[in-house]
Amino acid sequence: MSITIQPLDVNQRRSCPENFAFGTTFSDHMFTQEYDQTSGWNNALISPYHSLSLDPSAAVFHYSQEIFEGLKAYRSPTGVINLFRPEENIKRFNRSANRMVMPQVDEALHLDAIKSLIALDHQWVPSQNGSSLYIRPTMIATSPKLGLGASSNYQHFIICGPAGAYFKGGLEPIAVHVADKYRRAVVGGVGEAKTGGNYAASLYASEDVVKKGYSQVLWLDAVEGRYVEEVGAMNICFVYEGKRIVTPSLSGSILPGVTRDSLLKLAPTLGYEVAEERLDIELILADIASGKITEVFGCGTAAVISPVGVLCFKDKDYVVNNQKTGAVSKHLYDVLTGIQYGTHEDTFNWIQPVEI
Ligand SMILES: *Cc1c(COP(=O)(O)O)cnc(C)c1O
């Protein structure tokens, strides 16, 4: 199946504005395709950004049958636009679809849709330091029916919009609150899938910690409330003695991040040891207090690396590295963003340039 392109007239196209707020400004075009039981996926189209028209009984509104992805296009200093491991997001999209009883999307078509959209809207990839074009593939259940069950109809769409540098003045450590009452996901549930309901379910706890002055929640496992899982929309890493990087093993309720996987592959080539383990929060806090843990950071597409300066558990603050960004966090951030922006050698072949 090929993608039909119905672009705006050239004189109606805009380029990325100087000032924009992440997540509220979108580029000129979007991709859409529809699925039904007789034709499968059809009507693959890139057309001007527009509202969707859905029946109020559409399944997505009632039972949250929906999935999404998040990846970025980066402009190199020489003007080349790079995607970073897009095939990983595309595979994860299909794994999420499978878990939510939604149809698989052809991987090659999905990549073509992303690349064609970016090529058409290339003027929307910002060039300021640390900025990028955020890409949001989504699939929703559209059957107009309230009966509970998997939908027969789906829409897959891709929108994108500019994202500024996550940290304006270099990496800044954040304060994180460990959830002691609320839980995000359980083994056997949908924590491994990037599905909207996970985030709706986490909002209450997030708002709660923001009121207390923390910016993110660190989730513990839902069975014992004891093992570290992840943070908001980031995975979490602990650095021992400046050389050993440990992250929770994929338990079945943790979202398997592309950034996490990239760091596990990259860090050993930079001289660090890496390990995936089941991490007991009490031992982690004891190791922070004793100074064995020298750095803590979250990792995800949005911030790449987000150093953690304070971890609060049961009303007690544990300060990490004097609330300063550590050398390991900075090193990994510099190399990984260097690969993404095409200024550091890409030995893993992670970068895919978009042909314009
Ligand atoms: C998206 C996401 C991550 C990070 O994944 P990346 O692929 O690195 O962006 C981590 N945890 C959750 C819950 C997420 O939704």
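In this predicted model, Glu 241 is placed in the loop that joins strand 12 (235-240) to strand 13 (244-248). Its phi is positive, at about 45 degrees, although Glu 241 is not a glycine. Most residues other than glycine have a negative phi. Glu 241 has a relative accessible area of 49% and is therefore partly exposed, since the exposed class begins over 50%.

A positive phi also occurs at Val 101, another residue other than glycine, where the angle is near 55 degrees. Val 101 belongs to the loop between helix 2 (86-99) and helix 3 (107-120). The relative accessibility of Val 101 is 54%, so this residue counts as exposed, the cut-off being over 50%.

The ligand is located in the largest pocket of the model. Around the ligand there are 15 residues, and the closest of these are Lys 194, Tyr 199, Glu 230, Thr 259 and Thr 301. Divided by class, this shell consists of 5 nonpolar, 6 polar and 4 charged residues.

Side chains of three of the closest residues, Lys 194, Glu 230 and Thr 301, supply polar atoms at short range, as follows. For Lys 194, a polar side-chain atom lies 2.7 Å from an oxygen atom of the ligand. In the case of Glu 230, the distance from an N or O atom of the side chain to a nitrogen atom of the ligand is 2.5 Å. At Thr 301, an N or O atom of the side chain is 2.6 Å from an oxygen atom of the ligand. Of the 390 Å² of accessible area that the ligand has on its own, 97% is covered by the protein.

Thr 259, also among the residues closest to the ligand, is part of helix 5. With a relative accessibility of 7%, Thr 259 counts as buried, because the buried class comprises values under 20%. A polar atom of the Thr 259 side chain lies 3.2 Å from the backbone nitrogen of Thr 301. Thr 259 and Thr 301 are thus linked by a polar contact, for which the limit is 3.5 Å, and both are listed among the residues closest to the ligand.

Helix 5 spans residues 258-266 and is mostly covered, with 7 of its 9 residues buried. The buried residues of helix 5 are Val 258, Thr 259, Arg 260, Ser 262, Leu 263, Leu 264 and Leu 266. An α-helix has 3.6 residues a turn, so residues three or four places apart point the same way.

Two further positions were examined for separation in sequence and in space. Glu 229 is a residue of strand 11 (residues 228-231). Its relative accessible area is 6%, and Glu 229 is therefore buried. From Glu 229 to Val 125 the separation is 104 residues in sequence and 33 Å in space, C-alpha to C-alpha.

Pro 7 is situated in the loop between strand 1 (4-5) and strand 2 (29-36). At a relative accessibility of 39%, Pro 7 counts as partly exposed. Pro 7 and Asp 112 are separated by 105 residues in sequence, and their C-alpha atoms are 16 Å apart in space.

Terms used
Residues numbered from 1 in each chain as written. Predicted model: local features only at pLDDT ≥ 70, side-chain atom pairs only at ≥ 80, totals over all residues. Heavy atoms only, no water. Near = heavy atom within 4 Å. Polar contact = N/O pair within 3.5 Å; in protein donor to acceptor, adjacent residues only side chain to side chain. Areas by Shrake-Rupley, 256 points an atom, 1.4 Å probe, with all protein chains shown as cover. 1 Å grid on protein atoms, 1.4 Å probe; cavity = no way out; pocket = protein on both sides within 12 Å on 5 of 7 lines; lining within 4 Å. Sits in = over half its atoms within 2 Å of the grid points. Nonpolar A, V, L, I, M, F, W, Y, C, P; charged D, E, K, R; others polar. Helix = DSSP H or I, 4+ residues; strand = E, 2+ residues; numbered from the N terminus. Buried < 20%, exposed > 50% of the residue type's maximum accessible area, 1.4 Å probe, protein only.
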